[in-house]
Amino acid sequence: MIEKIDRRILRTRTLLREVLLDLAPEKSLENITVKELTDTAGLNRGTFYLHYQGIQDFYEQFKNEILEQFHRIIKKLGHTLGNREPFKDPPAGYVRPFEFVFEQKRFFKVFLGPGGDTDLSRQMTELINQQFINAYRAEYRQTNSADIPAKQQYLFAYLASAYVGTIQFWIQREFDLSPIDMAVLFSQISRLGSAHVPIVR
């Protein structure tokens, strides 16, 4: 049975994360002190050190939770590359990753945007690439990733990088398209190629 997190601990963690997202756009993690974080949150440092070793540990736990949530969402996606038609009305499962990024936009603007955490973009790319591989193996009943044709693996790597790059550009543009529009656009790019994406002027 999973032990429930004490509500006070949850409130403290949420407050500290909100303060971190307030401070991080102005300075790097290396320049944020525990004292600054806890003073701004109205907490004492002892409370912080009960749960975290320092600012980097606090951020890593925050990031890992975001990545775990993102991973749970994309694990529901299947292998659909055989379908060459882009979405017109995308299934909810393909919209959900973009909805999650939008819901957590403060985190992603700071750490996936310009000057953010390069490890985060790499980790997201690896998760998406691995999901493509897992879905392909499930569809074609392959027990070994090495059995996937090399060109197919290149395609997965390209699409995973493009997916994260598209999200980063969406962040830079202040989320100017809806999650549904993003799911449709990515399906058009990945299935038709950029030359065939309809442009509305």
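In this predicted model, Asp-22 and Arg-106 form a salt bridge whose closest N and O atoms lie 2.5 Å apart. Asp-22 belongs to helix 1 and Arg-106 to helix 6 (residues 105-111), so the contact ties together parts that are 84 residues apart in sequence. Asp-22 is partly exposed, at a relative accessible area of 48%, and Arg-106 is likewise partly exposed, at 33%.

Helix 6 also takes part in a salt bridge through Lys-109, which pairs with Glu-174 at 2.9 Å between the closest N and O atoms. Glu-174 sits in the loop between helix 8 and helix 9 (179-192), 65 residues from Lys-109. Glu-174 is exposed, with a relative accessible area of 52%, while Lys-109 is partly exposed, with 35%. Salt bridges with shared partners also join Arg-13, Arg-17 and Glu-65 into one network.

Within that network, the side chains of Glu-65 and Arg-13 meet at 3.4 Å, N to O. The pair connects helix 4 (residues 55-74) with helix 1 (residues 7-23), across 52 residues. Arg-13 counts as buried because its relative accessibility of 18% is under 20%, whereas Glu-65, at 23%, is partly exposed. The count of salt bridges comes to 15, among them these three:

| Salt bridge | N to O distance |
|---|---|
| Asp-22 and Arg-106 | 2.5 Å |
| Glu-174 and Lys-109 | 2.9 Å |
| Glu-65 and Arg-13 | 3.4 Å |

Glu-174 follows just after helix 8 and takes a positive phi of about 60°. Helix 8 itself (residues 150-172) comprises 23 residues and reaches 33 Å from its first C-alpha to its last, close to the expected 33 Å. Its buried residues include Phe-156, Tyr-163, Ile-167 and Trp-170.

Note on methods:
Residues are numbered from 1 along each chain as its sequence is written. This is a predicted model: local features need pLDDT of at least 70, side-chain atom pairs count only at pLDDT 80 or more; totals for chains, interfaces and linings use all residues. Side-chain values use heavy atoms; hydrogens and water are left out. Helices (H or I, at least four residues) and strands (E, at least two) are DSSP runs, numbered from the N terminus. The expected span of a helix is 1.5 Å times one less than its number of residues. Buried means under 20% relative accessible area, exposed over 50%, partly exposed in between (1.4 Å probe, protein chains only). A salt bridge is a side-chain nitrogen of Lys or Arg within 4 Å of a carboxyl oxygen of Asp or Glu.
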